[in-house]
Amino acid sequence: MIKYSYTIMYVKQVDATLAFYESAFGFERKFITPEADYAELISGETTLAFAREDLAQSNLSKGYRTVSKDQVMGIELGFVVDNVEEAVDRAIEAGATLYEPIKVKPWGQTVAYVIDCNGFLIELCTAMEV
């Protein structure tokens, strides 16, 4: 059996990233190392985690590409919310940047995209009606 357990995002400042996600989305801190180089947030069934870039470099001998606010990477975090407009406003107030304005998709889902404090793409959307 395989269970999707967590996503780790490599960031320059773990503390600042935690503060952003707590303020922007209301997630709660689950764990942070004494060195503040790794932390986890309670974000539902799947843990959202952050590792400082130097820790990532020590784990990944072949290296990795750092995130940048100048170019969106080919991945996004998706957060289902009750009210997309309120969620976008709260995220922007916490320091996010609007990437794509609110749109209603042909299937009825409301969607918007923001960039977090590091440059990661986040989709804020209503639940899909099946």
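Reader: What is the volume of the second largest pocket?
Author: This is a predicted model, where local features need pLDDT of at least 70, side-chain atom pairs need 80 or more, and totals for chains, interfaces and linings use all residues. Residues count from 1 along each chain as its sequence is written, and side-chain values use heavy atoms, without hydrogens and water. A pocket here is an open set of 1 Å grid points, over the protein atoms alone, where a 1.4 Å probe fits, with protein on both sides within 12 Å along at least five of seven lines (lining residues have an atom within 4 Å of a point). For the second largest pocket, the volume (space filled by probe spheres on the points, joined across faces, edges and corners) is about 240 Å³.

Reader: Which residues sit closest to the centre of the second largest pocket?
Author: Its lining has 16 residues. Closest to the centre are Ile8, Met9, Met73, Ile75 and Phe120.

Reader: Which strand gives the largest share of that second lining?
Author: Strand 1 (6-11) and strand 5 each chip in at least two residues; strands are DSSP E runs of at least two residues, helices H or I runs of at least four, numbered from the N terminus. The largest share is four residues, and it comes from strand 1.

Reader: And which strand gives the largest share of the lining of the largest pocket?
Author: That pocket's volume is about 360 Å³. Of its 17 lining residues, Phe27, Ser43, Gly78, Phe79 and Val80 are closest to the centre. Strand 4 (47-52), strand 5 (76-80) and helix 3 (84-94) each supply at least two lining residues. The largest share, five residues, belongs to strand 5.
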